[in-house]
Amino acid sequence: MSHASPPIRRIVTGFDPQGRSVIAADGASPAQKTVPERPGYRITNLWRTKPGDDFGVPDSIAGHQGVLPPRGGTVFRIIEWPAEPQDPAELRRLMDATFRSMYPDAHRDVQQGQHPGMHQTDTVDYALVLEGEVVAIMEQGETVMRQGDVLIQRGTAHSWANRSGKPAKVAFVLVDAARDPR
């Protein structure tokens with residue numbers, strides 16, 4: 001299925017054999033994913049790091065699976081959301097399909113009355129709204145985020161909703177983190 005927006009342009013720098021800076025890659029990310037049951041939902045994974053990576057490590061984003069970054073690493077992605085359906089059963093069906101096919105590694109234990117996208121990860125997430133608006137939903141409370149707003153999600157159970165009636169686009173950097181054992 002095609003999308004209204006073009007692929008995300010990803011520009012990666014590097015070094016030539018003489019050690020001079022160059023544009024090493026310029027084009028669409030090799031890690032764009034969609035959910036057939038959810039037209040308009042697209043995730044574009046752009047880069048990931050692992051512990052010990054240096055500037056010469058080859059691009060490994062095409063092999064990335066799931067929501068979590070590598071252990072001790074990071075993942076940078078952009079997610080595009082279509083407007084959310086108002087029918088609760090349809091919303092649940094879409095969330096189930098999305099988590100089953102794209103995010104099986106997310107801890108998802110949706111309780112009665114919670115948004116069906118509620119999940120939790122052992123990460124610190126930096127979320128920046130690029131276009132449109134989304135609702136950041138916690139177990140207690142929620143807030144509308146608009147273009148330019150930033151959320152720092154620190155291992156909490158959360159969900160995202162697009163109730164605006166228009167597409168939204170959010171950039172995320174996920175950093176692997178350990179849950180406090182206390």
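In the predicted model, six strands form an open sheet with antiparallel pairing, in the order E3-E4-E5-E11-E6-E9. Strand E3 (32-34) and strand E9 stand at the edges of this sheet; each has a single partner strand, so one side of each is left without a neighbour in the sheet. On average, neighbouring strands are turned by 20 degrees against each other, direction ignored. Strands of a sheet pair through backbone hydrogen bonds, in either a parallel or an antiparallel sense. Within the six-stranded sheet, strand E4 (residues 42-49) and strand E5 (residues 74-81) are paired in the antiparallel sense over seven bridges. One residue of this pairing is Trp47, whose bridge partner in E5 is Phe76.

Two strands of the six-stranded sheet also contribute to a nonpolar patch on the surface. The patch has an area of about 360 Å² and is made by Tyr126, Leu128, Val150 and Ile152. Strand E6 (123-131) and strand E9 (150-154) each supply at least two of the patch residues. Leu128 belongs to strand E6. With a relative accessible area of 34%, Leu128 is partly exposed. This value satisfies the accessibility condition for patch residues, because that condition asks for over 30% relative accessible area.

A second open sheet consists of three strands in the order E8-E7-E10, again with antiparallel pairing. Its edge strands are strand E8 (142-146) and strand E10 (158-161), each of which pairs on one side only. The twist from one strand to the next averages 25 degrees. Strand E7 (residues 133-138) is joined to E8 by five bridges, and these two strands run antiparallel. Four bridges join E7 to E10, also in an antiparallel arrangement. Ile137 has a bridge partner in each of these neighbours: Glu142 in E8 and Ser159 in E10.

Strand E10 is covered on both faces. His158 and Trp160 lie on one side, Ser159 and Ala161 lie on the other, and all four are buried. Ser159, the bridge partner of Ile137 in E10, is thus among the buried residues of this strand.

The model also contains helix H1 (residues 88-101), which has 14 residues. From its first C-alpha to its last, H1 reaches 20 Å, close to the 20 Å expected at 1.5 Å a residue. The buried residues in H1 include Leu91, Leu94, Met95, Ala97, Thr98 and Phe99. An α-helix has 3.6 residues a turn, so residues three or four places apart point the same way.

How values were computed. Residues are numbered from 1 along each chain as its sequence is written. This is a predicted model: local features need pLDDT of at least 70, side-chain atom pairs count only at pLDDT 80 or more; totals for chains, interfaces and linings use all residues. Side-chain values use heavy atoms; hydrogens and water are left out. Patches are made of residues with over 30% relative accessible area and no salt bridge: like charges are joined within 9 Å, nonpolar side chains (Val, Leu, Ile, Met, Phe, Trp, Tyr) within 5 Å. Accessible areas come from the Shrake-Rupley method with a 1.4 Å probe; for residues, only the protein chains shown count as cover. A salt bridge is a side-chain nitrogen of Lys or Arg within 4 Å of a carboxyl oxygen of Asp or Glu. Buried means under 20% relative accessible area, exposed over 50%, partly exposed in between (1.4 Å probe, protein chains only). Two strands pair if DSSP finds at least two bridges between them. Axes are lines fitted to C-alpha atoms, for helices over the stretch in contact, and angles run from 0 to 180 degrees between N-to-C directions. The expected span of a helix is 1.5 Å times one less than its number of residues.
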